[in-house]
Amino acid sequence: MNTSVNGAPQWHLQPEANRTLVTLSGNWIAQEGRTPAFPAEALKDVPHGEPVEFRTDQLGRWDTSLISFLWELKRSAREAHVEVDTNTLPESAHKLLDLLPEIPPEPTPPPSHHFAPVAAVGQFTLDTLNEVGCVSEMGTAAARGGLASLVGRGMMRTVDLMSDLNAAGPAALLIVGVVNFLVGAILAFVGSVELHKFAADIYVASLVAIAMVREMSAVMTAIIMAGRTGGAYAARISTMQANEEIDALQVFGIPVSSYLILPSVLALAFTMPLLYLYGCLIGMLGGFFVSYIMLDVSPLGYFHETIQALPLDQFTFGFIKSFVFGTFVGLTSCRIGLKAGRSAADVGIAATKAVVVGIVGVIALDAIFAVIANVIGI
């Protein structure tokens, strides 16, 4: 029978012969927000050697708020050198209370940060080399899985490859086309301002064609795919990691490199050169649009100057760059997804990190390709 007012949680300390009795009554529910606290000095007058026992016949519903109250009571009894008999509690409460430590753990002091630039640079270098090795190993495993798939022994499913090809190819045509069209138009507009001073309006076509084929189309398309597809890969794999689907694949002996990573990397590696070519054509169309409106350039003259300005090796170099960019974005995005944590927040962190790493990595690779092109004379 509950004798507390409105079922409110109450406790009463009463000394008796050879013991101290704590009477618990009411509903001890944390959600109701009425749980009383146990004063730290409540047991200071209890004689040493007399145990503290409990009376719970008036106790109603309870949850962890009661356990928290009892834990505070036990801590106070320990400081007052008083014994607490928990056998008089309900069995479930007695078991839960026994799971808690007698002494709460000391809070871990925050790590001290010392200014050590050499150690920080060294650690960053080691971490970077370790990630490069992991990505290289993952790429090698995916390549082996691709070769095994060619002979019918791989674990890659055709439906996964076709789905990734559609997501990385046709579904990206609109945004790739819009961005490259605007880039070509901007190049033509900026170039026309200066070239018009020298009556060299026709060379706007050469400027747009060379800039789009050599640099802008490959870089802008790779940046778009890093933000659009690379982030999606990282979010998808990190979500599978959080849902323990990756663990399930490993338990069943299904290689993650062939089942998940290979279709994603192949999709970007195959579609990036085609998107690059598409971006080049759309960018030249944007340059022609601006030239035709602002300058006295005929469509036939613009087309002829564009053909004259573009040798075949420019496209070959752009195809190689776009293939490397696509492979890089695919591998790094999958790697970031695999090393992500298992919470919902980690999914967003992985997607953001994949986009940042993809964009910075593409620009860094483009700088390396620029040096290579200068060395070989392209």
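# A tour by selection

Start by selecting D164: this residue is buried, with a relative accessible area of 6%. Buried means under 20% relative accessible area, exposed means over 50%, and partly exposed lies in between (1.4 Å probe, protein chains only).

Two notes on what you are viewing. The model is predicted, so to speak of local features takes pLDDT of at least 70, and side-chain atom pairs count only at pLDDT 80 or more, while totals for chains, interfaces and linings use all residues. Residues are numbered from 1 along each chain as its sequence is written, and side-chain values use heavy atoms, with hydrogens and water left out.

**Stop 1: charged pairs**

Keep D164 and add R236. Their side chains meet in a salt bridge, 3.2 Å from N to O. D164 belongs to helix α4 (residues 158-168) and R236 to helix α6 (residues 203-242), so this pair ties together parts 72 residues apart in sequence. Helices (H or I, at least four residues) and strands (E, at least two) are DSSP runs, numbered from the N terminus. D164 is buried, whereas R236 is partly exposed, with a relative accessible area of 33%.

A salt bridge here is a side-chain nitrogen of Lys or Arg within 4 Å of a carboxyl oxygen of Asp or Glu. Side chains of opposite charge can pair when their charged atoms come close. How many salt bridges does a search of the whole structure find? The search finds 10.

Select K321 and D366. They form a salt bridge, with their closest N and O atoms 2.9 Å apart. This pair links distant parts of the chain: K321 is in helix α10 and D366 in helix α11 (residues 344-376), 45 residues apart. Are these two buried or exposed? K321 counts as buried, at 0% relative accessibility. D366 is buried too, with a relative accessible area of 12%.

Add E131, R335 and K339. Salt bridges that share partners join these three into one network. Look at E131 and R335 within it. Their closest N and O atoms are 3.1 Å apart, and they form a salt bridge. E131 sits in helix α3 (residues 117-150) and R335 in helix α10 (residues 312-338), so far along the chain that 204 residues separate them. E131 is partly exposed, with a relative accessible area of 22%.

**Stop 2: helix α8**

Select residues 256-294. This is helix α8, with 39 residues. The expected span of a helix is 1.5 Å times one less than its number of residues. For α8 that gives 57 Å, and its end C-alpha atoms are 54 Å apart, which agrees.

Now pick L262. Helix α8 bends there by about 40 degrees, and a proline, P263, follows within four residues. The bend is the angle between axes fitted to the seven residues ending at a residue and the seven starting there.

**Stop 3: a nonpolar surface patch**

Select L174, V178, L182, I186, F189, V190, V193, F289, Y292, I293 and M294. Together they form a nonpolar patch on the surface, with about 1,100 Å² of accessible area. The elements giving two or more residues to the patch are α5 (173-195) and α8. Helix α5 gives the most, with seven residues.

Patch members have over 30% relative accessible area and no salt bridge: like charges are joined within 9 Å, nonpolar side chains (Val, Leu, Ile, Met, Phe, Trp, Tyr) within 5 Å. Areas come from the Shrake-Rupley method with a 1.4 Å probe; for residues, only the protein chains shown count as cover.

Zoom in on I186. This residue is found in helix α5. I186 is exposed, with a relative accessible area of 52%.

**Stop 4: the core**

Select V213, M225, M284 and F325. These have the most contacts inside the largest nonpolar core, which has 28 residues. The elements that give two or more residues to this core are α6, α8, α10 and α11. Which of them supplies the largest share? Helix α6 does, with nine residues. A nonpolar core is a set of buried Ala, Val, Leu, Ile, Met, Phe, Trp, Tyr and Cys residues joined through side-chain atoms within 4.5 Å.

**Stop 5: I336 and A234**

Pick I336, in helix α10. At 8% relative accessibility, I336 counts as buried. Add A234. The two C-alpha atoms are separated by 6.1 Å, although I336 and A234 are 102 residues apart along the chain.

**Stop 6: two loops**

Select E244, in the loop between α6 and α7 (245-251). E244 has a positive phi of about 65 degrees although it is not a glycine. At 51% relative accessibility, E244 counts as exposed.

Finish at A30, in the loop between β2 (19-28) and β3 (52-62). A30 counts as partly exposed, at 43% relative accessibility. Add G286 and compare C-alpha positions: A30 and G286 are 256 residues apart along the chain, and their C-alpha atoms are separated by 65 Å.
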